[in-house]
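Trainee: Please choose one part of this structure and look at it closely with me, taking the side chains that pair with one another as the starting point. I would like one connected account that goes from there to the space around them.

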Amino acid sequence: MLSNLFKDQFMLGIFQAVATVTLVLLVTLGARWQKIHLEKEVIVALIRGIVQIVLVGLVLVFVFKGPGWISVFILLAMIIAASSMNYQRTKTIPGAFWVSFYGIGLGAGVVILLMVLIGVIDSASISVIPVGSMLVANAMNAGAQALERYNSDVKAHIGLIEAGLALGATPETMVAPYIQSAVHSSLIPRIDNLSSLGIVWIPGLMTGMILAGSDPIYAAIYQFAVIAMIYAASGLTSITSVLLIRARTFSTAQQLILRPIEVTKVK
């Protein structure tokens with residue numbers, strides 16, 4: 001219907017965005033009806049999302065026409081931004097920003113570099129930035145999920161961990177189950193993406209390549225390659241993040257220092 005009302009592409013995009021924002025606000029109001037208050041987070045996320053993606057679109061117009069080395073700085077900026085967002089979600093964990101930065105940098109960064117070197121990802125900015133951003137974004141989510149799960153599991157089992165340490169067990173032994181569960185839980189969505197590919201969802205990259213004139217079979221295979229890269233980047237990030245945070249969980253005297261934040265009672 002909107003495409004019939006608006007022939008101008010800019011105006012069509014505006015009203016398509018308005019329609020989707022209205023839908024999001026209705027869902028948020030539905031959650032509020034059940035006393036689930038997400039209004040502030042949703043409104044901030046909507047404003048940030050539209051502003052950021054429009055600005056990035058304007059920047060990419062110039063970046064895609066520039067030399068390929070610019071993409072290195074663009075991806076580095078994305079990794080820093082992703083680390084900052086992870087820090088906001090896991091700020092109660094000591095050193096969360098640097099853990100996230102090293103985790104995402106090693107996970108997404110290594111996969112992007114390796115795939116560019118062997119030719120899976122074309123080194124041109126128009127290819128490496130969009131594909132790289134997908135890897136960085138998924139690495140960010142996987143890292144945050146792993147850190148949050150590890151953090152909550154350790155805090156829920158403080159007594160058990162300290163009892164084990166008192167009996168002579170090493171810190172690595174006592175938190176090993178929580179590291180395994182954190183990595184596993186963070187990778188479940190990525191495994192689901194792989195197993196449901198083409199049946200439950202058809203990713204936008206494949207659709208865009210077909211619309212742009214690529215061979216449908218090649219587009220499907222390349223889409224599979226991208227999803228596989230996302231899994232690899234997410235897995236590396238999760239494993240790196242929880243191993244780094246494990247070292248910050250205990251003091252040099254092997255005492256557990258990761259504890260719940262005490263809430264001060266207001267008299």
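Mentor: A residue counts as buried when its relative accessible area is under 20%, as exposed when it is over 50%, and as partly exposed in between. Keep in mind throughout that this is a predicted model.

With that cut-off we can begin at Asp153, whose relative accessible area is 14%, so Asp153 is buried. The side chain of Asp153 meets that of Arg149 in a salt bridge, with 3.1 Å from N to O, and Arg149, at 34% relative accessibility, is partly exposed. Both residues lie in helix α6, where they are four residues apart, about one turn of the helix. As a general point, side chains of opposite charge can pair when their charged atoms come close.

Helix α6, which spans residues 125–156, takes part in another such contact, because the side chains of Glu148 and Arg89 also meet in a salt bridge, at 4.0 Å from N to O. This pair links distant parts of the chain, since Glu148 belongs to helix α6 while Arg89 belongs to helix α4 (residues 70–89), and the two are 59 residues apart. Glu148 has a relative accessible area of 32% and is partly exposed, and Arg89 is likewise partly exposed, with 41%. A search of the whole structure finds three salt bridges, one of them between Glu39 and Arg32, whose closest N and O atoms are 2.7 Å apart. Arg32 is partly exposed too, with a relative accessible area of 44%.

From the helices we can turn to the space beside them. The largest pocket holds about 1100 Å³ of space, and among the 27 residues that line it, Arg48, Gln52, Ala81, Met85 and Met140 are the closest to its centre. Helices α3 (39–63), α4 and α6 each supply at least two residues of this lining, and α3 gives the most, with twelve. By class, the lining of the largest pocket has 18 nonpolar, five polar and four charged residues.

Helix α4 also serves the second largest pocket, where α4 and α5 each supply at least two lining residues and α4 has the largest share, five residues. About 250 Å³ of space lies in this second pocket, and its lining divides into eight nonpolar, four polar and no charged residues.

Helix α5 brings us to pairing of another kind, for the structure holds six aromatic pairs. The rings of Phe97 and Phe101 have centres 6.4 Å apart and planes at 10°, so this pair is stacked. Both residues lie in helix α5 (residues 96–118), four residues apart, about one turn of the helix. Phe101 also pairs with Tyr102, this time edge-to-face, with 5.9 Å from centre to centre and 65° between the planes. Together with Trp98, the residues Phe97, Phe101 and Tyr102 form one aromatic cluster. Phe97 is partly exposed at 23%, and Tyr102 is partly exposed at 45%.

Finally, an unreviewed UniProt entry carries the annotation "transmembrane region" for several stretches, including residues 69–87 and 194–214. In the model, residues 69–87 are 95% helix and 0% strand, with end C-alpha atoms 28 Å apart, whereas residues 194–214 are 52% helix and 0% strand, with end C-alpha atoms 22 Å apart.

Technical notes:
Residues are numbered from 1 along each chain as its sequence is written. This is a predicted model: local features need pLDDT of at least 70, side-chain atom pairs count only at pLDDT 80 or more; totals for chains, interfaces and linings use all residues. Side-chain values use heavy atoms; hydrogens and water are left out. Rings of Phe, Tyr and Trp (its six-membered ring) pair if their centres lie within 6.5 Å; planes under 30 degrees apart count as stacked, over 60 as edge-to-face and the rest as tilted. Buried means under 20% relative accessible area, exposed over 50%, partly exposed in between (1.4 Å probe, protein chains only). UniProt positions are given in the numbering used here, feature names are shortened, and annotations may be inferred rather than shown by experiment. On a 1 Å grid over the protein atoms alone, a cavity is a set of points where a 1.4 Å probe fits but cannot get out, and a pocket is an open set with protein on both sides within 12 Å along at least five of seven lines; lining residues have an atom within 4 Å of a point. Grid points are joined across faces, edges and corners, and a volume is the space filled by probe spheres set on the points. Ala, Val, Leu, Ile, Met, Phe, Trp, Tyr, Cys and Pro count as nonpolar, Asp, Glu, Lys and Arg as charged, and the others, Gly among them, as polar.
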